Amino acid sequence: MIRPAQTSDLDVLLSLTKACAADLLNRGIDQWNEHYPNQEAFASDFDNGVLFVYCVATRVVGCVALCTEMDQEYRSIEWLTNTTQHLYVHRLAVHPEHQGQGIARQLMDFAEDHAQKAGCASVRLDTFSVNKRNLKFYKARSYRITGEIFFPKQSEHPFVTLELVLNQRTKEK
């Protein structure tokens with residue numbers, strides 16, 4: 001079940017993303033660390049009403065932030081669409097114990113449906129260039145690579161920006 005986050009979820013989300021960061025690091029992927037994701041990012045997402053959680057029974061095992069404001073890091077990217085209404089996906093995470101069960105797919109289905117209902121032209125996001133599993137996941141969902149950005153506090157490697165143009169997605173179905 002996907003629902004809006006509650007205040008009581010914030011500590012759980014930090015624990016969840018720390019577990020994800022440790023799992024990624026064990027696989028040689030230095031995507032997340034002590035700098036990101038952090039308490040401030042989740043608190044801001046919560047305050048802005050853009051943070052959603054995925055629950056199995058009553059346990060929070062996944063999350064995603066669905067924002068309509070473009071982060072500064074994205075300003076230099078040549079996106080596929082020029083309109084001003086887009087959905088930006090951030091902090092998508094599924095606890096390692098629950099990965100491989102289709103939860104990330106359900107969270108992305110939710111994000112894309114949310115964007116469609118809001119009249120957004122596209123869904124935009126970034127993922128770590130070294131995380132081949134994520135790149136394969138988004139490419140299979142018809143996301144197209146639009147550029148690269150860097151987060152020096154996270155890694156020396158680039159993050160890849162991707163975009164799904166929603167009206168093309170609708171035409172393809």
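Biologist: Which residue in β4 does A65 stand opposite?

Modeller: That's H90. Keep in mind this is a predicted model.

Biologist: Sure. Do those strands run parallel or antiparallel, β3 and β4?

Modeller: Antiparallel: β3 covers residues 59-67, β4 covers residues 86-94, and 5 bridges join them.

Biologist: And what's the strand order of the whole sheet?

Modeller: It goes β1-β2-β3-β4-β5-β7-β6, an open sheet of 7 strands with mixed pairing. β1 and β6 (144-149) are at the edges with a single partner strand each, so each has one side without a neighbour in the sheet. On average, neighbouring strands are turned by 30° against each other, ignoring direction.

Biologist: Switching to R3, where does it sit?

Modeller: In strand β1, residues 2-4.

Biologist: Buried or exposed, and why?

Modeller: R3 counts as buried because its relative accessibility is 15%, and the cut-off for buried is under 20%.

Biologist: What does the R3 side chain make a polar contact with?

Modeller: The side chain of D9, at 2.8 Å. Leaving out residues up to four places away in sequence, R3 touches F52, V53, C55 and V60 as well as D9.

Biologist: OK, helices. Which strands does α3 lie across?

Modeller: β1, β2 (51-56), β3, β4, β5 (122-128) and β7 (159-165), and α3 runs at about 165° to β4.

Biologist: How many residues does α3 have, and which are buried?

Modeller: α3 has 15 residues, 103-117, and reaches 21 Å from first C-alpha to last, close to the 21 Å expected. The buried ones are I103, L107, M108, A111, E112 and A115.

Biologist: What comes just after α3?

Modeller: G119, with a positive phi of about 75°.

Definitions and conventions: Residues numbered from 1 in each chain as written. Predicted model: local features only at pLDDT ≥ 70, side-chain atom pairs only at ≥ 80, totals over all residues. Heavy atoms only, no water. Helix = DSSP H or I, 4+ residues; strand = E, 2+ residues; numbered from the N terminus. Expected span 1.5 Å × (residues − 1). Buried < 20%, exposed > 50% of the residue type's maximum accessible area, 1.4 Å probe, protein only. Polar contact = N/O pair within 3.5 Å; in protein donor to acceptor, adjacent residues only side chain to side chain. Contact = heavy atoms within 4.5 Å. Pairing = 2+ DSSP bridges. Axes fitted to C-alpha atoms, helices over the stretch in contact; angles between N-to-C directions.
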